[in-house]
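Trainee: Hi, could you walk me through this one? I'd like to start with the vocabulary.

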Amino acid sequence: MKLERNIVREETPTGRPLLEARGLAKVFEGRHRVEVFQDLTFRVDRGEFVCVVGPSGCGKTTLLRVLAGLTPPTRGRALLDGQPIASTPREMVLVFQDYTKSLLPWRLVQGNVAFAIERDRALSRDERRARVAKYLDLVGLGRMAEFYPWQLSGGMQQRVAIARALAREPKLLLMDEPFASVDAQTRAILEDLLLGLHGSFIETILFVTHDIDEAIYLSDRVVVLSRRPTRVIQDVAVDLPRPRHQLQTRGDPAFAKYRERIALAIQSLGIGEEFTTW
Ligand SMILES: Nc1ncnc2c1ncn2[C@@H]1O[C@H](COP(=O)(O)OP(=O)(O)O)[C@@H](O)[C@H]1O
Ligand SMILES: [Mg+2]
């Protein structure tokens, strides 16, 4: 099965904020009090592909959990379409960083993907089955449908989690370092798959990565976070032509300028190894 990859988006962003973090603060109380962020503000407009980069432990996962309504902020507001987010909105799907915990070990790969849509009454049994097969194929796991997750490599398990999220065909997709354990070639294919889907049913994507190049390649905007207590230190609009191409886009002199700008911002934090640039 083949999908037209990396097509130009049909709709341009409307400039209307879809997702907003307004003065978000999050503190974990307990024996070791952790102030994750203090005053985090940024927005994602409808139609945008926004990447968030920031050092390990700065609160990227916590931020996505707050925006998905899985944990409340200590102060400030998380808004979807201007409304406070209290639980995961129907049109939103979050791909967790820890895919090993998010897959059901007693279900086959196909059963794990089906899990995402089995309560969707708008779909017939055949449609559900076709969707499972389609997204497993698209992430390159068509032949692994009848394996158990624990029989797969880490990268494959991560792709099962991605297929499960895509099978929902969400309008708004939040992803937490989703390609961290896949090999470089597969990663390039998955990046382009995502860019292609952003041109179809997925309207808006918020994507966490610690790879600066990946962030620039994918996004309309890169939001750079500081160390804890975390704030936004840069919000860089990426004005590279679409459709993007792995070789041409990454070889564009403007690409190198964005990389330099973001890397310098990160270096100013005194950070090194948590980021990969080259
Ligand atoms: N449930 C929790 N209770 C206490 N501390 C937590 C909890 N979840 C995350 N933290 C702490 O919050 C900080 C940010 O974690 P996380 O959001 O996972 O960062 P990142 O995804 O950027 O690596 C870390 O110091 C982590 O130890
Ligand atoms: Mg994380």
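Mentor: Sure, burial comes first: a residue is buried if 20 or more other C-beta atoms lie within 10 Å of its own, exposed if 12 or fewer, and partly exposed in between, with C-beta atoms placed from the backbone. This is a predicted model, where local features need pLDDT of at least 70 and side-chain atom pairs count only at pLDDT 80 or more, while totals for chains, interfaces and linings use all residues. Residues are numbered from 1 along each chain as its sequence is written, and chains are lettered from A and ligands numbered from 1 in the order in which they are written.

Trainee: So is Glu 169 buried, exposed or partly exposed?

Mentor: Glu 169 is partly exposed, because 18 other C-beta atoms lie within 10 Å. You'll find Glu 169 in the loop between helix 5 and strand 7. Helices (H or I, at least four residues) and strands (E, at least two) are DSSP runs, numbered from the N terminus.

Trainee: And what is phi of Glu 169 near?

Mentor: Phi there is near 50°, a positive value in a residue other than glycine. Most residues other than glycine have a negative phi. Asp 81 has a positive value too, with phi near 55°, and sits in the loop between strand 4 and strand 5. Asp 81 counts as partly exposed because it has 14 other C-beta atoms within 10 Å.

Trainee: Where are the cis peptide bonds of Pro 229 and Pro 243 placed?

Mentor: Pro 229 is in the loop between strand 9 (221–225) and strand 10 (232–237), and a cis bond with omega about -15° joins it to Arg 228. Pro 243 is in the loop between strand 10 and helix 8 (246–251), where the cis bond to Arg 242 has an omega of about 0°. Most peptide bonds are trans.

Trainee: New topic. How is the chain divided?

Mentor: Into domain 1 (17–91 + 170–267) and domain 2 (103–169), with bounds that come from an automatic or database domain assignment. Their C-alpha centres lie 25 Å apart.

Trainee: How many residues of each are in contact?

Mentor: 11 residues of domain 1 are in contact with 12 residues of domain 2; contact here has C-beta atoms, placed from the backbone, within 7 Å. On the domain 1 side, helix 6 gives the most, with 4 residues. That side has 8 nonpolar, 2 polar and 1 charged residues. For those classes, Ala, Val, Leu, Ile, Met, Phe, Trp, Tyr, Cys and Pro count as nonpolar, Asp, Glu, Lys and Arg as charged, and the others, Gly among them, as polar.

Trainee: What about the largest nonpolar core, how many residues does it have?

Mentor: 76 residues, and Val 113 and Tyr 135 are among those with the most contacts inside it. Helix 5 (residues 154–167) gives the most to this core, with 8 residues. The core draws at least three residues from each of domain 1 and domain 2. By a nonpolar core I mean a set of buried Ala, Val, Leu, Ile, Met, Phe, Trp, Tyr and Cys residues joined through C-beta atoms within 7 Å.

Trainee: Which residues is Val 113 in contact with?

Mentor: Leaving aside neighbours within four places in sequence, the contacts of Val 113 include Val 132, Tyr 135, Val 160 and Ala 163.

Trainee: OK, sheets next. In what order do the 4 strands of the open sheet come?

Mentor: The order is 2-1-4-5, and the pairing is antiparallel. Strand 2 and strand 5 (83–84) are the edges, each pairing on one side only. Two strands pair if DSSP finds at least two bridges between them. Strand 1 and strand 2 pair over 8 bridges, including Lys 26 with Phe 37 and Pro 17 with Asp 45. Strand 1 (residues 17–28) also pairs with strand 4 (residues 75–80), over 5 bridges, and Leu 19 stands opposite Leu 80 there.

Trainee: Last one: what surrounds ligand 1?

Mentor: The surrounding residues include Phe 28, Val 34, Gly 57, Lys 60 and Thr 61; a residue is near a molecule or strand if its C-beta atom, placed from the backbone, lies within 6 Å of it. Strand 2 (34–45) and helix 1 (60–67) each supply at least two residues of that shell, and helix 1 gives the most, with 3 residues. By class, the shell has 4 nonpolar, 6 polar and 1 charged.

Terms used
Two residues are in contact if their C-beta atoms, placed from the backbone, lie within 7 Å.
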